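Here are some exercises to work through with the model open beside you. Try each task before you read its solution.

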Amino acid sequence: MFSKKILRCCSVLSKSKQCQFNANFPKYMRLSATRCNKEEEKNPKALTLKDSFENIQNKNKNSYLEMVKIFINRDHIYRRGHVEFIYSALKNMEEFGVNRDLEVYKSLIDILPKGKFIPQNMIQAEFMHYPKQQQCIIDLLEQMEDNGVMPDMEMEDMLLNIFGRRGYPLRKYWRMMYWMPKFKNLSPWPVPDPLPKDTFDLAKYAIERISSVDVNSVVSVYQTSEIPDSIDDTWIVSAQSKTQRRLLNEHQLDKPIFVEGSFKVWIKGNPINYFILRGEAKPIIEQDKNPDDVSDLNVSLFTLKPPVAKHVKVIPSVHEQDDGVIFSVCATGTSSKDSLLSWIRHLEKDGYPNLGKVPVVFKLRSASKEVTNLEIDEQNKVETKKLEET
């Protein structure tokens, strides 16, 4: 009985305290909100500026690194909001042109405080100690991998000082260092790094890559100004092999040839337009044999007939496809019909005098632009925005 009375009194006291707390709860919320506003006014460094990269006019590497330094110096000890700042910086990398710069990625990793996120036991290590920060750096390493940026040994030391040896970002770094050197030089069509900005050099790399299907292909460079009746003044990069020359010489004069395009090939993110010179497909003659005919049955031990002469079948070349015979491939500076006509005239000068008698049909796709470069397109967009603002 005595214990029941004590429990009853305790329940009554707890209910009275809850009622007092519920009555004063809005007052507590108002006091806490005003207190937080006062602390923010006293300490403006605690605030995190979102989308601060979008307000910069001169977007280059120096201004990008300057924004990182401003964030570090603003809150040097705690660095509040570092995860949000890193995600915002990763989102705006391509606009600043630093998405393939290793130094910039290391400066973003250096924002995180050292030693605070290192797990102290196996449970913390396996259950991803400070998961928000670890996932942020893993996303940073993923973006490096997507852009083909290979880390160095200094980055390993930085990750070791921030997350420790058992951290997930360091495991991701080790996997990248195992696989990326294996795939770095695996492409059979290497291009220089950094890639040249001139569209003529990009077109040469593209045509060399396309014509590498035949090792005897030769890349030639023509100028449309050498043709008297040409309108465009540009360059032409053409490729042709000995087999293609033979096939073009064997082409009948009464059958047309087609100039088709434009098609696209990508050189490290830069699209290049190219065209092909194609003829009609050659008919494949196949001798049908009756599988039930036993008159030509050859028994090696009991045959008395002399051996029958075998017919030699000509194997088609790699240029003789099912949809047609490809005679040549080219890329021009303007991708216009006039430049393609100049290309045909140059081929006629190079040893095909009968090419002028062959009907040429242009099967061009609608609204093909000139050979494009992404950086040039971005500059044109910026110029158009300035004109619209004025």
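**Exercise 1. Find which helices lie across the sheet, and describe the sheet itself.**

Before starting, note that this is a predicted model, in which local features need pLDDT of at least 70, side-chain atom pairs count only at pLDDT 80 or more, and totals for chains, interfaces and linings use all residues. Residues are numbered from 1 along each chain as its sequence is written, and side-chain values use heavy atoms, with hydrogens and water left out.

Step 1. Begin with helix 10 (residues 199-211), which lies across strand 1, strand 2 (235-240), strand 3 (257-267), strand 4 and strand 5 and runs at about 15° to strand 2. Helices (H or I, at least four residues) and strands (E, at least two) are DSSP runs, numbered from the N terminus. Axes are lines fitted to C-alpha atoms, for helices over the stretch in contact, and angles run from 0 to 180 degrees between N-to-C directions. Contact means heavy atoms within 4.5 Å.

Step 2. Now take helix 12 (residues 337-349): it lies across strands 1, 2, 3, 4, 5 and 6, and its angle to strand 5 is about 125°.

Step 3. Trace the sheet: it is open, has six strands in the order 1-2-5-4-3-6, and its pairing is mixed. Two strands pair if DSSP finds at least two bridges between them. Strand 1 (218-223) and strand 6 (360-364) are at the edges with a single partner strand each, so one side of each has no neighbour in the sheet. From one strand to the next, the twist averages 30°.

Step 4. Look at one pair in detail: strand 4 (residues 270-279) and strand 5 (residues 325-332) are antiparallel and share five bridges. Leucine 277 has serine 328 in strand 5 as its bridge partner.

**Exercise 2. Work out which face of helix 8 and of helix 11 is buried.**

Step 1. List the buried residues of helix 8 (residues 153-163): Met155, Glu156, Met158, Leu159, Ile162 and Phe163. Buried means under 20% relative accessible area, exposed over 50%, and partly exposed in between (1.4 Å probe, protein chains only).

Step 2. Look down the axis of helix 8: the buried residues fall within an arc of 160°, so they line one face of the helix. The arc is that of the directions from the helix axis to the C-beta atoms. As background, an α-helix has 3.6 residues a turn, so residues three or four places apart point the same way.

Step 3. Find the packing partners: the buried residues of helix 8 pack against helix 5 (102-109), helix 7 (131-146) and helix 9 (168-184). Glycine 164, with a positive phi near 80°, follows helix 8.

Step 4. Repeat for helix 11 (residues 242-249), where Gln244, Leu247 and Leu248 are buried. Those residues fall within an arc of 100° seen down the axis of helix 11, so they line one face of the helix. Lys242 and Asn249 are exposed on the other side of helix 11, while its buried residues pack against strand 2 and strand 5.

**Exercise 3. Locate the backbone features that deserve a second look.**

Step 1. Recall the usual case: most residues other than glycine have a negative phi, and most peptide bonds are trans.

Step 2. Go to glycine 261 and serine 262, which are joined by a cis peptide bond with omega about 5°. Serine 262 is part of strand 3.

Step 3. Check lysine 268, a residue other than glycine with a positive phi near 50°. Lysine 268 sits in the loop between strand 3 and strand 4 and is partly exposed, at a relative accessible area of 38%.

Step 4. Check serine 335, in the loop between strand 5 and helix 12. Serine 335 is not a glycine, yet its phi is positive, about 55°; at 4% relative accessibility, serine 335 counts as buried.

**Exercise 4. Decide where to read the model with caution.**

Step 1. Start with the overall figures: the mean pLDDT is 79, and 73% of residues reach 70 or more. pLDDT is the predictor's confidence in each residue, from 0 to 100.

Step 2. Mark residues 15-48, where pLDDT is below 50 and the model has 10 contacts beyond near neighbours in sequence. Where pLDDT is low, the predicted coordinates should not be read in detail.
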